[in-house]
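This report covers strand pairing, salt bridges, backbone angles and surface features. The sequence and structure come first.

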Amino acid sequence: QVQLVESGGGLVQAGGSLTLSCAAAGTIFSIKGMRWYRQAPGQQRELVADIRSGGTTNYADSVKGRFTIFRNNTKNTVYLQMNSLKPEDTGVYYCNADINNYFVLQSYWGQGTQVTVSS
């Protein structure tokens, strides 16, 4: 069994910062891509940022220059550093990872963490 456990969400004023964490636990052989998605009320889930096992990153245009995704492969953890937050960044943030559990490569999701940015 593999689980992704997220933490770090909360309420912050516009212009503030938050750092989200997502730790993978369980039977893990290797982790490929890791990603952060978000879903605002009434909106579809959207990809915010992703990072490959080698460290290559990609960002949604709306967060470029403000958010940074990074990972600690020793701890099987991915982070999302969010700076200069805006009210439109409000939503539930989910992490997603492609994990090889010794038998098969599967996509796993975290439970989500709420981020609320007040104006």
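## Loop residues with positive phi

Ser84 is partly exposed, its relative accessible area being 42%. The model is a predicted one. Ser84 sits in the loop that runs between E8 and E9. Its phi is near 50°, a positive value in a residue other than glycine.

Asn76 also has a positive phi, near 55°, and is likewise a residue other than glycine. Asn76 belongs to the loop between E7 and E8. With a relative accessible area of 24%, Asn76 is partly exposed, because the partly exposed class covers values between 20% and 50%.

## The E7-E8 hairpin

The turn that holds Asn76 is part of a hairpin: E7 and E8 are its two strands, with 4 residues between them. E7 spans residues 67-72, and E8 spans residues 77-82. The two strands pair in the antiparallel sense over 6 bridges. Within this pairing, Thr68 stands opposite Gln81 in E8.

Which residues of E7 are on its covered face, and which on the uncovered one? Phe67, Ile69 and Arg71 make up the covered face, whereas Thr68, Phe70 and Asn72 make up the uncovered one. Thr68, the residue opposite Gln81, is thus placed on the uncovered face of E7.

## The four-stranded sheet

The hairpin strands belong to an open sheet of 4 strands, with the order E1-E3-E8-E7 and antiparallel pairing. Its edge strands are E1 (2-7) and E7, each of which pairs on one side only. On average, neighbouring strands of this sheet are turned by 15° against each other, with direction ignored.

At the E1 end of the order, E1 and E3 (residues 18-26) run antiparallel and are joined by 6 bridges. Gln3 has Ala25 in E3 as its bridge partner.

## Salt bridges

How many salt bridges does the model contain? The count comes to 5. In one of them, Arg35 pairs with Asp98, and the closest N and O atoms are 2.4 Å apart. Arg35 lies in strand E4 (residues 30-39) and Asp98 in strand E9, so this pair ties together parts that are 63 residues apart in sequence. Both partners are on the buried side of the 20% cut-off: Arg35 has a relative accessible area of 17%, and Asp98 has one of 18%.

Arg38 and Glu46 meet through their side chains in another salt bridge, with an N to O distance of 2.7 Å. Here the burial classes of the partners are as follows. Arg38 counts as buried at 5% relative accessibility, while Glu46 counts as partly exposed at 34%. Arg38 and Glu46 are also members of a network of salt bridges that links them with Arg66 and Asp89.

A further salt bridge joins the side chains of Lys64 and Asp61, at 3.1 Å from N to O. Asp61 is exposed, its relative accessible area being 63%; this assignment follows because exposed means over 50%.

## Asn100 and its surroundings

Asn100 lies in strand E9, the strand that also holds Asp98. Apart from neighbours within four places in sequence, Asn100 is in contact with Thr27, Ile28, Phe29, Ser30 and Leu105. Asn100 and Gln3 are 97 residues apart along the chain, and their C-alpha atoms are separated by 12 Å. Gln3 is the residue whose bridge partner in E3 is Ala25.

## A nonpolar surface patch

Phe29, one of the contacts of Asn100, takes part in a nonpolar surface patch of about 530 Å². The other members of the patch are Tyr102, Phe103 and Val104.

Val104 is found in the loop between strand E9 (91-100) and strand E10 (105-109). Val104 is partly exposed, with 40% relative accessible area. That value can be set against the cut-off for patches, because patch residues must have over 30% relative accessible area.

Technical notes:
Residues are numbered from 1 along each chain as its sequence is written. This is a predicted model: local features need pLDDT of at least 70, side-chain atom pairs count only at pLDDT 80 or more; totals for chains, interfaces and linings use all residues. Side-chain values use heavy atoms; hydrogens and water are left out. Buried means under 20% relative accessible area, exposed over 50%, partly exposed in between (1.4 Å probe, protein chains only). Two strands pair if DSSP finds at least two bridges between them. Axes are lines fitted to C-alpha atoms, for helices over the stretch in contact, and angles run from 0 to 180 degrees between N-to-C directions. Patches are made of residues with over 30% relative accessible area and no salt bridge: like charges are joined within 9 Å, nonpolar side chains (Val, Leu, Ile, Met, Phe, Trp, Tyr) within 5 Å. Accessible areas come from the Shrake-Rupley method with a 1.4 Å probe; for residues, only the protein chains shown count as cover. A salt bridge is a side-chain nitrogen of Lys or Arg within 4 Å of a carboxyl oxygen of Asp or Glu. Contact means heavy atoms within 4.5 Å.
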